[in-house]
Amino acid sequence: MPDSTNAKTKQHILIVDDDVFMRITFRDALEKAGFAINMASDGASAIACMKKFPYDLVLLDLLMPGIDGFETCSMVRAINGHEQTPILVITGLNDTESVTRAFDSGATDFITKPINPELLVHRVRCSLRANQSMTEMRSAEDRIKMLREAVGCLPIGIGITISDIHGKIIYANPAEAEMHGYTAEEIIGKEACQLAPPSQRKPFPPDTIREIGLWERECINVRKNGEEFPVRLSSIAVRHADGNCIGVVTACEDITSRKDAEDRIRQLAYYDTLTGLPNRLTLLDRLRSSLALAHREGRHIGVLFLDLDNFKDVNDTLGHDFGDKLLREVAGRLVVEMRKSDTVARLGGDEFVVVLNSINGQESASDAAQRILATFSKPFVIEGRQIYSSASIGIANYPYDGHDVESLLKCADAAMYHAKGEGRSYYRFFSPEINHKIMRRVAFESRLREGFEKNEFFLQYQPQWDLQSGRMVGVEALLRWQNAEFGLVAPSEFIPFAEISGLIFDLGKWVLRTACVQARKWELAGYRDVKMAVNISGKQFRQPDFLEMIEGIIRETDIAPGTLELEFTESVVMEKADKTINTLRSLKKMGVHLSIDDFGTGYSSLNYLKHFPIDRIKIDRSFVTDVNCSNDDAAIVEAIISMAHSLNLKVIAEGVENKSQMDFLVARECNEVQGFYLAKPMTADELTDVLEGIYRRNGVRHSARNRFYNMQLSSLLP
């Protein structure tokens, strides 16, 4: 057997012949020619050798005892790896029948005896070269077959066109044909340009084909049924050895899904998902472009900032899904109402912005705002029900109100808030007055928390009097802010900003604790049975830990719970009334007194009011002011007092500033009063000094201080 370590350094030949002389003769001639030789004396030995080693050629005698050459040839062909091994048969027979039988058995060629050694070498070499050529050809055919199979199963289309101006298709894989709606047979022979829409069919110059390398592009193709779709094409010229182009191979990918995904991504990035309108990013980009164009051409631009009125109520009462549908309906109306050259965008929530390009000053913007407001006069029909909505609009004008995007949007936003403050369904232009309010608001927001940290806030106390006994029965704690920049600021001015900024939680807690500490000091000083009334804001009342906070302050300050009275406005009490009742009942269990402040200015359901554990209601000062000159106000005050007494509630009137008001309230049996006519708000020290002064002037014992101070009211009563 050949040495396996260098078995393939030479071509190996197996000589099979029962004649030892012939074997040696063949061996010597072939070894001299450079071949590696192994020999077998019969068919069985030859088969054994072939199973162990891959010989390059077999030199086989046909006439042998036992297994003859014909059968040996057939058996060799059955051995794995030797299906194509050249078998050169040697025979003394020269008849056609033997030759035919040898070929049928698998022989590659034959040579007859007597054999010339040089001729044998020549025939062996020819057989090996022929076999090598056949092997290479079969390998090439196999590779071509595999390549065809690989190309055939690719998910992208592959087409081959001839390199002339017509570019006829000579091959297309199944994906290419199916992509364009053809069978493989139908697409062959068509010109490649027929796969493009008629408007894009252009001849492909041969010179361009010859010069082209890899050419990638995106374009539109058309299916057999006329449907157009986007594709990505990659073409490359196939060249002959001499450099001539013999064809063009093009890969065609249907990129419809990718384009759809890109459009979806673009939609998500630049458009509002709920309404389909441009979002903030797109608005800013378009507005910048509009401003640049307006600057070059000397034109005006109007920016309308629109906010729905009471949209929160829609969400709270009808649900967020209903609110979303309302926003879509609003967006649809705005788009219909505006020009195509204008931009309608949604910033988020219930805020929309309209950019009016190329307008003739305020008149055009005013007309647009009026048209928008008019569209809200018709009801929106959602889920089979009619709902009315309105909007407030603020308008800013380029170039008068600002020269950049941020300034114009800020001015329009400010004007919108100004319009909203005047009621529903209004529009207002930006003005210097509004700008002043903005600057003050910004300053408030920045100074407010700073003022709290610097202890700029303090409390004043206004006495409350019982009209029947003439006793001072309590005080109302009033919050004040003394600021170096703004001076003494009224609560009505800074409380809204405290609520917006969230400072109201810390501020409200400080007010409660400070008032309770002061009430405890007066109690220890001998001024007993004086309740401390403290206003509670809506946001503070809706805190999840509100009850725990009240309980904690009462415990920390050691105040008697009955000394504390919490005042709530009608709107706070009536919002989510069912839940409010439970909270108020919990406060009553603590022993805290409860009252409704500014009664008559809101909307209270008597059905709920009779179930609220309220101790008293306070008549708003707006009704008391004109009680002697307005029949309506007088009637309202009388009705409130009568209703309260029928519900076993006490009534306190605030804002009493003259004797005629006092007389009216006494005559109607109002229980308690407070106001400048009796006493202005005082600091804790001032109120304590007044009490002490009365005590010293009258020489009254410490335990009787309250009685003598309360007696001072008797001179004011009718």
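These questions and answers walk through a predicted model of one protein chain.

User: What pLDDT does the protein chain average?
Analyst: This model is predicted, so confidence comes up early: pLDDT is the predictor's confidence in each residue, from 0 to 100. In this chain, 89% of the residues score at least 70. The chain average is 85.

User: Over which residues does pLDDT stay under 50?
Analyst: One stretch scores under 50. The model has 37 contacts for it beyond four places in sequence. The stretch is residues 700-718.

User: Which helix gives the largest share of the largest nonpolar core?
Analyst: The largest nonpolar core has 81 residues. Leu566, Phe568 and Ile617 have the most contacts inside it. One helix, spanning residues 503-524, supplies 9 residues of this core. That helix is α17.

User: How many residues are in the second, separate core?
Analyst: This core stands apart from the largest one. Its members include Phe352, Ile372, Ala391 and Ile393. The count is 32 residues.

User: Which residues does Phe568 contact, leaving aside neighbours within four places in sequence?
Analyst: Phe568 is among the residues with the most contacts inside the largest core. Its partners include Ser595 and Asp597. Others among them are Ile536, Phe541, Phe546, Val573, Leu584, Leu587, Leu594 and Ile596.

User: How many residues apart are Glu218 and Lys259?
Analyst: Their side chains meet in a salt bridge, at 3.0 Å from N to O. Glu218 lies in strand β8 (residues 214-222), and Lys259 lies in helix α9 (residues 256-270). The pair links distant parts of the chain, 41 residues apart.

User: Which residues are linked with Glu218 in a network of salt bridges?
Analyst: Glu218 is partly exposed, at 38% relative accessible area. Lys259, one of its network partners, is also partly exposed, at 25%. The residues linked with Glu218 are Arg258, Lys259 and Glu262.

User: Is Asp342 buried or exposed?
Analyst: Asp342 meets Arg339 in a salt bridge, at 2.7 Å from N to O. Arg339 has 39% relative accessibility and counts as partly exposed. Buried means under 20%. Asp342 has 8%, so it counts as buried.

User: Which helix holds Arg449?
Analyst: Arg449 and Asp506 meet in a salt bridge, at 3.9 Å from N to O. Asp506 is in helix α17, 57 residues from Arg449. Arg449 is in helix α15.

User: How many salt bridges does the structure hold?
Analyst: Side chains of opposite charge can pair when their charged atoms come close. Asp506 and Arg449 are one such pair. The structure holds 36.

Key
Residues are numbered from 1 along each chain as its sequence is written. This is a predicted model: local features need pLDDT of at least 70, side-chain atom pairs count only at pLDDT 80 or more; totals for chains, interfaces and linings use all residues. Side-chain values use heavy atoms; hydrogens and water are left out. Contact means heavy atoms within 4.5 Å. A nonpolar core is a set of buried Ala, Val, Leu, Ile, Met, Phe, Trp, Tyr and Cys residues joined through side-chain atoms within 4.5 Å. Buried means under 20% relative accessible area, exposed over 50%, partly exposed in between (1.4 Å probe, protein chains only). Helices (H or I, at least four residues) and strands (E, at least two) are DSSP runs, numbered from the N terminus. A salt bridge is a side-chain nitrogen of Lys or Arg within 4 Å of a carboxyl oxygen of Asp or Glu.
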